[in-house]
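Here is a walk through one protein model, element by element. Keep the structure open while you read.

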Amino acid sequence: MTMPGPRENLLQCFIKRNRSTQTYYLFLSLTSSLGDDGKFLLAARKCRRPTCTDYIISLDADDMSRGSNNYVGKLRSNFLGTKFTIYDGQPPHAGAKFTKSRSTRLVNLKQVSPKVPTGNYPVAHISYELNVLGSRGPRRMHCVMDSIPSSSIEPGGVAPTQTEFSLNNIEMFPLFPFFRSKSNRVVENSLSGPLVGDKKDGMLVLKNKAPRWHEQLQCWCLNFHGRVTIASVKNFQLVASAENGTAGPEHDKIILQFGKVGKDLFTMDFRYPISAFQAFAICLSSFDTKIACE
């Protein structure tokens with residue numbers, strides 16, 4: 001689930017929401033129909049805390065506990081629901097490739113080494129800004145992908161993947177940001193990195209695709225090419241931001257789009273260089289209440 005999506009086209013998925021249990025389920029679309037059953041990929045459970053909200057992401061729809069072997073990572077929001085951090089359960093490896101060994105077991109598409117305890121490694125930061133277009137326009141998003149270089153969207157560019165991690169490599173990550181006691185919260189916060197507003201040279205930054213004003217409908221619209229059927233403030237399309245240079249053709253490609261097609265049904269389409277896990281976590285942030293943005 002941490003492997004990047006395809007380069008050539010958007011990988012079509014959908015998310016089902018269960019309001020009563022505050023759970024979310026990600027499926028891979030097996031047909032072009034919005035009503036197919038799909039193949040289960042990931043699940044998430046919303047956990048409210050006094051000062052924040054966590055979304056625990058798991059490989060098993062029936063086992064979404066933080067200490068489970070199926071734990072993939074989590075999304076954490078601030079109290080207002082305007083800033084989020086995506087944590088991966090395994091350390092990211094910039095430029096590394098998958099390798100196989102007896103000490104590594106493969107769970108779906110995610111490499112998990114029994115020698116490395118599951119931690120929380122920040123891999124992306126998301127912020128929502130005040131909606132200057134009012135209720136008629138999408139919320140303004142800004143995503144900094146800490147573990148993906150901006151060059152990954154260029155022809156021949158490469159996104160990092162996770163690989164096996166031996167005990168010799170643990171020295172590279174001396175602090176494991178476990179979240180199991182109050183004292184460890186300080187460790188986790190220290191590794192969460194600067195907020196999105198800070199300079200992020202060399203990192204991939206995703207931003208909203210600018211909507212266009214529709215004269216007949218008298219609203220701001222995005223073209224989802226039939227993948228979204230219900231207007232919602234949650235709907236969005238993300239493209240790469242030309243943070244440190246001139247925008248090229250690669251900055252026009254939609255990397256992630258998310259939108260409503262039913263009361264509790266949403267489509268999620270993504271492509272290289274982000275993974276299903278990262279795309280799912282970004283979309284989960286759109287479900288969270290944005291007190292300051294609406």
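Helix α2 has 12 residues and spans 17 Å from its first C-alpha to its last. At 1.5 Å a residue, the expected span is 16 Å, and the value found is close to that. Bear in mind that the model is predicted.

How much of α2 is covered? The helix is mostly covered, with 12 of its 12 residues buried. Buried here means under 20% relative accessible area. The buried residues of α2 include Phe277, Phe280, Ile282, Leu284 and Phe287. Polar residues are on the list too, among them Gln278, Ser285 and Ser286.

The helix also feeds the nonpolar core. The largest such core has 47 residues. Helix α2, residues 276–287, gives the largest share of this core, with 9 residues. In soluble globular proteins, nonpolar side chains tend to be buried together. Leu42, Leu256, Met268, Phe280 and Ile282 have the most contacts inside the core. Take Ile282 as an example. Beyond its neighbours within four places in sequence, Ile282 contacts Ile86, Ile126, Tyr128, Met141, Cys143, Met145, Leu206, Phe236, Leu238 and Leu256.

Now turn to the strands. A barrel closes from 12 strands, and the pairing is antiparallel. Their order is β1-β2-β3-β4-β5-β6-β9-β10-β11-β14-β15-β16. From one strand to the next, the twist averages 20°.

Start at the place where the two ends of that order meet. Strand β1, residues 11–18, pairs with β16 over 6 bridges in the antiparallel sense. Within this pairing, Gln12 has Asp269 of β16 as its bridge partner. On the other side, β15, residues 254–262, is joined to β16 by 6 bridges, and these strands also run antiparallel. Gly259 is matched there with Thr267 of β16. The connection from β15 to β16 is a hairpin through 2 residues. Why is β16 described as largely enclosed by the rest of the structure? The reason is burial: β16 covers residues 265–270, and 5 of its 6 residues are buried.

Another pairing in the barrel links β5, residues 71–77, to β6, residues 83–88. These two strands run antiparallel and are joined by 5 bridges. Ser77 has Phe84 of β6 as its bridge partner.

Two loop residues deserve a look. Ser152 sits in the loop between β10 (140–149) and α1 (182–190). Is Ser152 buried or exposed? Its relative accessible area is 0%, so Ser152 is buried. Leaving out residues up to four places away in sequence, Ser152 touches Arg7, Gly157, Val158, Ala159, Leu204, Tyr272 and Pro273. Tyr272 is 120 residues from Ser152 in sequence, yet their C-alpha atoms are 8.3 Å apart in space. The side chain of Ser152 also reaches the backbone oxygen of Pro149 at 2.7 Å.

The second residue is Asn235, in the loop between β13 (219–221) and β14 (236–240). Its relative accessibility is 8%, so Asn235 counts as buried. Which backbone atoms does the Asn235 side chain reach? One is the oxygen of Ile230, at 3.0 Å. Another is the nitrogen of Lys260, also at 3.0 Å.

Terms used: Residues are numbered from 1 along each chain as its sequence is written. This is a predicted model: local features need pLDDT of at least 70, side-chain atom pairs count only at pLDDT 80 or more; totals for chains, interfaces and linings use all residues. Side-chain values use heavy atoms; hydrogens and water are left out. A nonpolar core is a set of buried Ala, Val, Leu, Ile, Met, Phe, Trp, Tyr and Cys residues joined through side-chain atoms within 4.5 Å. Buried means under 20% relative accessible area, exposed over 50%, partly exposed in between (1.4 Å probe, protein chains only). Helices (H or I, at least four residues) and strands (E, at least two) are DSSP runs, numbered from the N terminus. Contact means heavy atoms within 4.5 Å. Two strands pair if DSSP finds at least two bridges between them. Axes are lines fitted to C-alpha atoms, for helices over the stretch in contact, and angles run from 0 to 180 degrees between N-to-C directions. A polar contact is a pair of N or O atoms within 3.5 Å; within protein, one must be able to donate a hydrogen and the other to accept it, and residues adjacent in sequence count only if both atoms are side-chain atoms. The expected span of a helix is 1.5 Å times one less than its number of residues.
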